Amino acid sequence: MNFFTLQWQDSSVVMIDQRKLPREEIYLSFRTPEEVGQAIKDMVVRGAPAIGVAAAFGMALAAQNSEAPNHEVFFKEMDEAAKMLISQRPTAVNLSWAVQRIQNFYRSKQDLPLLTLQNMILEEALAIFEEDCNMCIDMGVHGSELIKLGNSYLTHCNAGALATAGRGTALSVFYEAKDQHKKFKVYSCETRPFLQGARLTCWELMKNNVDVTLITDNMAAHMMQKGKIHGVVVGSDRIVANGDVANKIGTYGLAVLAKAHQIPFYVVAPTSTIDLETQEGSQVEIEERPIEEVTHFFGTASAPENVKVFNPAFDITPHDLVTAIVTEKGILYPPFKESLKKIK
Ligand code: MRU
């Protein structure tokens with residue numbers, strides 16, 4: 001990759017500003033957990049694994065900046081930072097997963113001197129970063145088995161390097177297939193309203209010389225009917241116990257279309273995205289985003305003033321529309337209730 005999504009540098013978190021891509025490649029530096037929380041909310045950083053890693057770094061900043069005189073005050077400050085970070089976006093489970101992992105870490109080390117603990121929290125956050133990079137590579141290796149010579153694959157939103165600390169989930173599959181010199185094509189849905197497909201997926205695939213063609217969201221059915229799509233490959237924000245998949249709004253529609261055209265529908269996600277405590281997709285909180293994302297196009301109004309707007313950021317794809325789930329530990333097939341439990 002000739003860019004990075006987020007990194008820990010000199011006591012701060014540096015992130016590429018994804019709101020500005022593809023027109024400007026700017027890196028911003030964040031020095032407090034509150035700044036990191038705001039960056040997650042404002043989508044400077046987005047994508048389930050990436051916001052998890054960002055939040056882990058936010059917790060490391062909280063630890064680093066703390067002047068707490070004793071453990072009790074320190075834990076209180078840390079728990080407050082955790083609550084604030086988790087509350088920024090509700091759907092992707094990786095966010096709470098990463099924050100809770102840091103919480104479990106410091107709760108299990110109460111006997112250590114405060115200074116040692118503060119430093120160890122950074123090490124734990126860096127371990128989460130490192131593990132995410134490795135999981136991306138492994139998902140790519142497993143998923144590349146599904147990519148067949150000469151075929152074309154549709155993807156939605158951005159499940160690439162920009163959505164993780166490493167080389168992505170769904171897009172890692174394409175990067176690995178390319179490294180194996182397989183010839184294939186990618187079609188990227190534009191992904192209204194935030195345009196992650198157009199702005200981010202096309203940008204990073206082109207930067208890495210993967211053959212990508214941009215289509216608008218409403219062209220997917222036509223492309224499938226014409227036989228131009230041989231598989232759908234997407235990421236996920238949360239996979240629940242029965243295999244239902246929360247992902248970017250529009251994913252469910254693509255899954256229904258794929259079924260109607262007998263096209264395989266693959267979900268690629270690390271085990272940190274699997275939430276076995278939630279039984280079915282209907283129990284997942286779907287984030288609603290500001291209406292301006294729908295009524296404005298790069299700051300210019302594209303709808304009448306005061307129009308009523310509904311802007312859910314995610315939807316649920318029922319498990320029976322999913323052909324396979326690719327994780328860093330291997331490929332899972334139905335019945336997902338069993339295969340997910342086994343792998344987690
Ligand atoms: O709103 P976003 O851009 O954070 O949504 C991201 C997605 O829906 C991705 O598909 C998902 O997080 C998987 S990323 C590896």
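**Figure 1. Surroundings of Q18 in the loop between β2 and β3.** In this predicted model, Q18 is found in the loop that runs between strand β2 and strand β3 (27-30). With a relative accessibility of 1%, Q18 counts as buried, because buried means under 20% relative accessible area. When its neighbours within four places in sequence are left aside, the residues in contact with Q18 are T5, the run M43, V44, V45 and R46, and further along the chain L162, R199 and L200.

**Figure 2. Packing of helix α1 against helix α2.** Helix α1 (residues 33-41) and helix α2 (residues 48-65) pack with their axes 8 Å apart and at an angle of about 165°. That angle makes α1 roughly antiparallel to α2, and the crossing of the two helices is left-handed. From α1, the residues P33, V36 and I40 take part in the contact, and in α2 they meet I51, A54, A55, G58, L61, A62 and N65. Sorted by class, this contact of α1 with α2 holds eight nonpolar and two polar residues, and no charged ones.

**Figure 3. The largest nonpolar core and the contacts of F74.** The largest nonpolar core has 45 residues, of which M15, V36, I40, M59, F74 and I121 touch the most other members. Two or more residues of this core are given by each of the strands β1 (6-9) and β2 (12-16) and by each of the helices α1, α2, α3 (71-86), α4 (93-107) and α5 (114-143). Helix α2 supplies the largest share of this core, with 13 residues. V36 and I40, listed here among the core residues that touch the most other members, are also α1 residues in the contact with α2 shown in Figure 2. For F74, leaving aside neighbours within four places in sequence, the residues in contact are A63, S66, A68, L114, L117, Q118 and I121. Another core, of 27 residues, lies apart from the largest one, and among its members are Y187, M223, I239 and V267.

**Figure 4. Crossing of helix α5 and helix α6.** Helix α5 and helix α6 (residues 170-179) pack at an angle of about 65°, and their axes are 7 Å apart. The crossing in which α5 passes α6 is right-handed. On the α5 side the contact involves C136, I137, M139, G140, V141 and G143, which meet S172, V173 and E176 on the α6 side. The residues of this contact divide into five nonpolar, three polar and one charged.

**Figure 5. Surroundings of T327 in strand β15.** T327 lies in strand β15 (residues 324-327), and at 0% relative accessibility T327 counts as buried. Not counting residues up to four places away in sequence, T327 touches M139 and H142, then A269, T271 and I274, and also L332 and I343. M139 is also one of the α5 residues that meet α6 in Figure 4. Between T327 and D275, which are 52 residues apart in sequence, the C-alpha to C-alpha distance in space is 13 Å.

**Figure 6. Surroundings of P90 in the loop between α3 and α4.** P90 has its place in the loop between helix α3 and helix α4, where P90 is partly exposed, with a relative accessible area of 27%. Leaving aside neighbours within four places in sequence, P90 is in contact with R238, E285 and E287. The C-alpha atoms of P90 and D237 are separated by 9.9 Å, although these two residues are 147 residues apart along the chain.

Terms used
Residues are numbered from 1 along each chain as its sequence is written. This is a predicted model: local features need pLDDT of at least 70, side-chain atom pairs count only at pLDDT 80 or more; totals for chains, interfaces and linings use all residues. Side-chain values use heavy atoms; hydrogens and water are left out. Axes are lines fitted to C-alpha atoms, for helices over the stretch in contact, and angles run from 0 to 180 degrees between N-to-C directions. Angles under 35 degrees count as roughly parallel, over 145 as roughly antiparallel, 65 to 115 as roughly perpendicular and the rest as oblique. A crossing is left-handed if the near helix is turned anticlockwise from the far one by less than a right angle, and right-handed if clockwise. Contact means heavy atoms within 4.5 Å. Ala, Val, Leu, Ile, Met, Phe, Trp, Tyr, Cys and Pro count as nonpolar, Asp, Glu, Lys and Arg as charged, and the others, Gly among them, as polar. A nonpolar core is a set of buried Ala, Val, Leu, Ile, Met, Phe, Trp, Tyr and Cys residues joined through side-chain atoms within 4.5 Å. Buried means under 20% relative accessible area, exposed over 50%, partly exposed in between (1.4 Å probe, protein chains only).
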